[in-house]
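User: Please take a close look at the unusual backbone geometry in this model, and leave the other parts aside. I would like one connected account that also says where each case sits and how much cover it has.

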Amino acid sequence: MTPLIDIRDLDVRFTAGASQVHAVRGLSLTVAEGESFGLVGESGSGKSTVLRAICGLAPTWDGTILIGGRALPPRRGPEFFRQVQMVFQDPYASLHPRHTVDRVLSEPLAIHGFSDRETRVERALEEVGLGRGFRFRYPHQLSGGQRQRVAIARALILEPRVLLLDEPTSALDASIQAEVLNLLDRLRTERGLTYIMVSHDLAVVAHMCDRLLVMQHGQGVEELTRAALRARAATSPYTQALLEASRGYTAA
Amino acid sequence: MALLTVDDLRVTFPTRQGPSEVVRGVSFTLGRERLGIVGESGSGKSQTGRAILGLTPPPGRATARQLVFDGIDLNRASPRDWRGLRGGRMSMVMQDPKYSLNPVMTVGRQIMEALKFHGRLSGADKRRRALDMLDAVQIRDPERVFAAYPHELSGGMGQRAMIAMMLVAEPDLLIADEPTSALDVTVQVEVLRILDRLVTDRGMGLIFISHDLRLVSSFCDRVLVMYAGRMVEELRAADLHLARHPYTRGLLNCLPDLDHDRHPLPTLERQADWAR
Amino acid sequence: MTVAPHVPSRRDWLLTEQPASRRQARLGQAYRTWLAFRGNPLAMVGLGIIVALILVAVFADLIAPYNPIVGGDLRTERLLPPSAAHLMGTDDQARDIFSRLVHGSRLTLMVVALVAVIATPIGVFVGTTAGYFGGWVDTVLMRVTDVFLAFPRLILALAFVAALGPGIENAIIAIAITSWPPYARLARAETLTIRDSDFIAAIRLQGASSARIIWGHVVPLCTSSVIVRVTFDMAGIILTAAGLGFIGLGAQPPQPEWGAMIAAGRRYLIDQWWVATMPGLAIFVVSLGFNFLGDGLRDVLDPKARK
Ligand SMILES: Nc1ncnc2c1ncn2[C@@H]1O[C@H](COP(=O)(O)OP(=O)(O)OP(=O)(O)O)[C@@H](O)[C@H]1O
Ligand SMILES: Nc1ncnc2c1ncn2[C@@H]1O[C@H](COP(=O)(O)OP(=O)(O)OP(=O)(O)O)[C@@H](O)[C@H]1O
Ligand SMILES: [Mg+2]
Ligand SMILES: [Mg+2]
């Protein structure tokens, strides 16, 4: 069976002034349809950049990215955005401050020329557990968890097959995190979605993902299954350090 | 003697529905120790921290029966006194680094700016101190980050740049508002080590605001639990699992666990009488 | 005793946290802004002055007691001091100054409105485009802006009027052409702070075109600070127009333009002070009005600039 997402030798570089940052170096990974795949790793190791490269938000990249067996063109067309969507790390920064929830959700429908916008917006809100009362609110009238749910609704409204999640719960407190994780879980089983999820919380990754890739310095260092993670069966020193550190703080 | 005494701190925002009190009578004392504040989103943790530094955003108003920092009565401090204290002797790592950093100024210049409280340092000295600090918070290539603009950094790097900015000034009191929420655990541990060293070696007082209960219970000495603007519980950090308040217990219960499969996760049923 | 049932007032409808329609949300937002604006007394004074100016301009024919162009008897009614018959006195052509001021408000208002309508969109368009695309687009557009910024406004306007020929229309065009560069700078700076934010990346991910992003997502965030800036500049624009009129390159006699009126009155400044002073006062009051208004708008529209 061909995997739904197949990334081979991905290289991403940023040029900032005179210096160059080699953010991702020869990364390869595959994700099967309906699978939930985790990306963990050091801060600044290029996790968000991988997701951005898939979406075409990274300026220059090399290598091949295949979605459903077909290579992505350098410029993503509308067809692509109907298949792949992303949820950003920071719910406070990812909603336009002057647009109502309604506008946020109807904009993609307008771009892609849907006609039944009213019903779709209402259904999307219902699906993420926000009632009608939220439809015409502005972001400043929403809590962090509610904002993140709006962002998830926006990503789902075009009915994509793949959802890229960039630390969807790191800005949320434990009780809201549980709500958002349950929501993502339910949507995946109901709709057969495929996830790539970035997180630095190993417990969250173990809860959500079947397999995960550990990244360091822009490279993948180790791939683990959930069972291997639970068994602490890591071979690379970095993953071991990660497992060690996730027990909590111990004075040196 | 306590470094900071807070008695009956209240923060009120006027709203169209009348004044709304978002911090309602918080009292505690802080020695040269690590005090954790946990609580749910919107419970007033950040506003408590800001009020201590006199940074309540207008039109909000903060009042306290007593607010004393190192023998200085903050209730009676003049704007000049505040300028001498803030940034130099007490400072705060804000929750949203990407918002709190100036988007059109390089990270290095912003850190060097924070050094202005340290008498006259030459430009080269300031630069060296800034680079050292970036290095200390585990940034891999400090030179690049020094010259970078905030949007060129990853989420965790921005957060560490903010921490570096607050720590170069070597304050006596640091309020850290969710300082490590975007960091991976290995880096997190290193950052916490720096904070720990500042507390144990230099006698800094630290208020550590977080929603990560595991982290707070292993890192802090004492924990305050806030709910709807009130302190509902104060515990020794190591005894967090003995918490009594149903909110704290519920919070502990909804964390995913590395070792056990729980689908779906339990969620919290909030009771109206917790807010009273 | 009966308890009156709670009838939701219009105010409650506007201020609800749970609007039920797009219109209610938008009106509610506008109403909140208005409430915040209303809380600033000086801003209300400014608004009052501007509204008064507009009313005077609209009803000039009804308000003005005399003809503004054709004077009275040159032998008996020249340079009369303020009196009940001539509230602000008469000028050297025996024309009633009050009537001329009332009619002159139309010219002032036209200058202000046309400059705002021409210069603001140009500035916003150039600034957001340059900021959003960056690279060579930015370089080219900003160099052009710099060229315009390098000259003092009045001098540049003078050059344009000299080339186009004197007259109020050409003065307006000249002022408009010379006043957009600061707005372009401002809009560009605002765009730079938002173009890398996640919500712009998010809309790009929905497949939006650049034009749609700039127009629907970037411009709304820049306009408030530009509007504030334009309001503050209004005083300067009125003064520039008056300055051009003063040196004879703006409105042409016998049009009752305030700057030209001052110019005409300066010969009598010592003995017949009112001839130059009355239009001067009018310019002063209206400029002050725009400044107060700008101050109030800044507080409600541009929270970043709040002191
Ligand atoms: N626009 C940009 N210009 C220059 N460098 C960039 C840019 N965006 C990201 N980088 C760099 O690329 C590297 C990888 O960043 P990325 O955001 O992918 O990290 P991350 O793994 O998501 O980290 P975190 O967990 O902290 O979010 C970092 O070194 C960062 O500084
Ligand atoms: N400028 C403001 N005007 C009115 N209310 C405000 C303002 N700023 C904050 N609040 C309210 O104050 C309350 C406490 O906010 P605070 O930021 O302290 O929460 P928090 O505990 O830090 O939450 P989080 O974990 O989400 O950061 C919230 O209910 C918030 O809505
Ligand atoms: Mg990231
Ligand atoms: Mg907070």
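Analyst: **Unusual backbone geometry**

B:P264 lies in the segment after α10 (246–253) of chain B, where helices are DSSP runs of H or I with at least four residues, and strands are runs of E with at least two, both numbered from the N terminus. The model is a predicted one, in which local features need pLDDT of at least 70 and side-chain atom pairs count only at pLDDT 80 or more, while totals for chains, interfaces and linings use all residues. Residues are numbered from 1 along each chain as its sequence is written, chains are lettered from A and ligands numbered from 1 in the order in which they are written, and side-chain values use heavy atoms, with hydrogens and water left out.

The peptide bond that joins B:H263 and B:P264 is cis, with omega at about -10°. As background, most peptide bonds are trans, and most residues other than glycine have a negative phi.

Turning to phi, B:Q138, which is not a glycine, has a positive value near 70°, and this residue belongs to the loop between α5 (123–136) and α6 (142–147) of chain B. B:Q138 counts as partly exposed because its relative accessibility is 35%, which falls between the limits for buried (under 20% relative accessible area) and exposed (over 50%), as found with a 1.4 Å probe and protein chains only.

In chain C, the loop between α4 (60–63) and α5 (97–133) holds C:L79, another residue that is not a glycine and whose phi is positive, at about 50°. C:L79 has a relative accessible area of 14% and is therefore buried.
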